[in-house]
Amino acid sequence: PADAPLVRLGAERAVVRASVVRENRPVLVEIEVNPGRANRARINRSPVPRAREVLGLLRTVLFAPEDLALVKGDPGERRRFLDDLLVARAPRFAGVRSDYERVLKQRNALLKSAGAKVRSGGGDVATLDVWDAHLARTGAELLAARLELVDALRPLVDKAYDEVSRGKGPTGLDYRSSLESALGDELAGQGVQDRDTLAQAMLEAVRRLRRSELERGVSLVGPHRDDLVLRLGAAPAKGYASHGESWSYALALRLASYDLLRADGGEPVLVLDDVFAELDSDRRERLAARIAPAEQVLITAAVAGDVPGELAGARFDVAAGAARRVR
């Protein structure tokens with residue numbers, strides 16, 4: 001399970017506990033991590049029905065070496081980036097995301113079973129109409145939110161990239177939807193965000209592709225097939241950007257996320273996980289100047305000297321499973 005590495009080897013569970021100040025009021029948040037079982041959560045010592053109900057109490061933006069995959073990786077990495085940011089801004093989207101994934105799983109299972117029956121000369125695909133409607137409704141909600149988010153991120157990413165890379169842009173964000181064939185230039189050029197329009201387009205697209213979907217046993221239209229295309233100058237960043245440019249781009253995406261959450265109200269916690277080791281001295285200085293005004297920044301580093309001196313603050317050394325404050 002993905003949570004297993006969070007639990008000390010040999011232990012059955014782990015508890016993460018934090019005191020969060022929101023609107024000048026302290027809130028105690030506790031998450032119990034149970035590998036192989038449902039995680040549990042408490043707010044001010046009181047259990048909540050679902051662990052995801054703590055979302056939004058503490059907003060964080062994490063930049064880690066793995067974020068290079070946002071630029072160089074497959075579309076799933078960029079879809080996850082958008083959806084995670086949607087949830088950070090409005091926790092209700094955790095439910096929207098979960099509903100869409102559930103509908104997609106059920107519809108794919110039905111496509112596989114119905115496809116096998118159709119190929120053998122029988123089978124009734126009428127039930128698919130119901131799941132088509134569910135897919136269109138939940139998919140349109142998620143797609144519209146992503147399009148709105150990309151519009152909000154676009155200028156912030158360009159500004160952040162300019163700050164960390166000394167004007168070596170410009171950048172550009174284009175949302176590539178599997179619905180483009182259905183909406184054509186309207187979606188590509190205007191960024192249609194009306195839920196009803198998107199739901200109707202998705203419904204028409206899945207019905208047109210019904211035969212292909214039955215043959216392949218997968219849903220061929222929806223947010224799960226989309227991509228966020230990152231441009232640097234006139235070229236796509238993936239495949240064209242250098243290693244340093246890719247790092248700067250990934251960093252700009254996270255800094256833009258921080259700026260967006262901050263503009264929504266309240267200061268998110270900025271977490272930089274061993275980032276400075278991957279940057280040259282110029283980019284280190286530029287990043288340090290960019291994040292210095294943040295209210296709360298957590299930085300990890302294997303080598304203390306990698307962290308610019310202007311980022312002074314409390315320092316802890318971690319060794320042999322123990323943390324010791326040294327400054």
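Arg45 is exposed, with a relative accessible area of 55%. The cut-off for exposed is over 50%. This residue belongs to a predicted model. The protein has 327 residues, and 42% of them count as buried. Its secondary structure comes to 11 helices and 12 strands.

**The loop between E3 and E4**

- Arg45 is found in the loop between strands E3 and E4.
- Its loop neighbour in this briefing is Asn44, which sits between strand E3 (40-43) and strand E4 (46-47).
- Asn44 is partly exposed, with a relative accessible area of 43%.
- Partly exposed covers the range between the buried limit of 20% and the exposed limit of 50%, so 43% falls inside it.
- Most residues other than glycine have a negative phi.
- Arg45 is not a glycine, yet its phi is positive, at about 75 degrees.
- Asn44 also has a positive phi, near 50 degrees, and is a residue other than glycine.

**Overall layout**

- Along the principal axes, the C-alpha atoms fill a box of roughly 75 × 50 × 35 Å.
- Take the contacts in the protein with a separation of 6 or more: 65% of them join residues 24 or more positions apart.

**Helices H2 and H4**

- Two packed helices are described by the angle between their axes and the distance between the axes.
- Helix H2 covers residues 75-89, and helix H4 covers residues 127-165.
- Their packing angle is about 90 degrees, and their axes are 10 Å apart.
- H2 and H4 are therefore roughly perpendicular to each other.
- H2 makes the contact with Arg79, Phe81, Leu82, Asp83, Leu85, Leu86 and Arg89.
- H4 makes the contact with Leu142, Ala145, Arg146, Leu149, Val150 and Leu153.
- By class, nine residues of this contact are nonpolar, four are charged and none is polar.

**Aromatic pairs**

- How many aromatic pairs does a search of the whole structure find? The search finds two.
- One pair is Phe63 with Trp247, whose ring centres are 5.4 Å apart.
- The planes of Phe63 and Trp247 stand at 90 degrees, so the pair is edge-to-face.
- Phe63 lies in strand E5 (residues 60-63) and Trp247 in helix H10 (residues 243-264).
- These parts are 184 residues apart in sequence, so the pair ties distant positions together.
- Are Phe63 and Trp247 buried or exposed? Both are buried.
- The other pair is Tyr161 with Tyr249, whose ring centres are 5.7 Å apart.
- The planes of Tyr161 and Tyr249 are at 55 degrees, so this pair is tilted.
- Tyr161 is in helix H4 and Tyr249 is in helix H10, 88 residues apart, and the pair links these distant parts of the chain.
- Tyr161 and Tyr249 are both buried.

**A charge over a ring**

- Arg92 lies over the face of Phe93.
- The distance from the ring centre is 4.3 Å.

**Near the start of the chain**

- Where does Ala4 lie? Ala4 is in the segment before strand E1 (14-22).
- Ala4 is partly exposed, with a relative accessible area of 29%.
- In sequence, Ala4 and Asn34 are 30 residues apart.
- In space, the C-alpha atoms of Ala4 and Asn34 are 7.8 Å apart.

Definitions and conventions. Residues numbered from 1 in each chain as written. Predicted model: local features only at pLDDT ≥ 70, side-chain atom pairs only at ≥ 80, totals over all residues. Heavy atoms only, no water. Axes fitted to C-alpha atoms, helices over the stretch in contact; angles between N-to-C directions. Helix = DSSP H or I, 4+ residues; strand = E, 2+ residues; numbered from the N terminus. Parallel < 35°, antiparallel > 145°, perpendicular 65-115°, else oblique. Contact = heavy atoms within 4.5 Å. Nonpolar A, V, L, I, M, F, W, Y, C, P; charged D, E, K, R; others polar. Phe/Tyr/Trp six-rings, centres within 6.5 Å; stacked < 30°, edge-to-face > 60°. Buried < 20%, exposed > 50% of the residue type's maximum accessible area, 1.4 Å probe, protein only. Lys NZ or Arg CZ within 6 Å of the ring centre and 35° of its normal.
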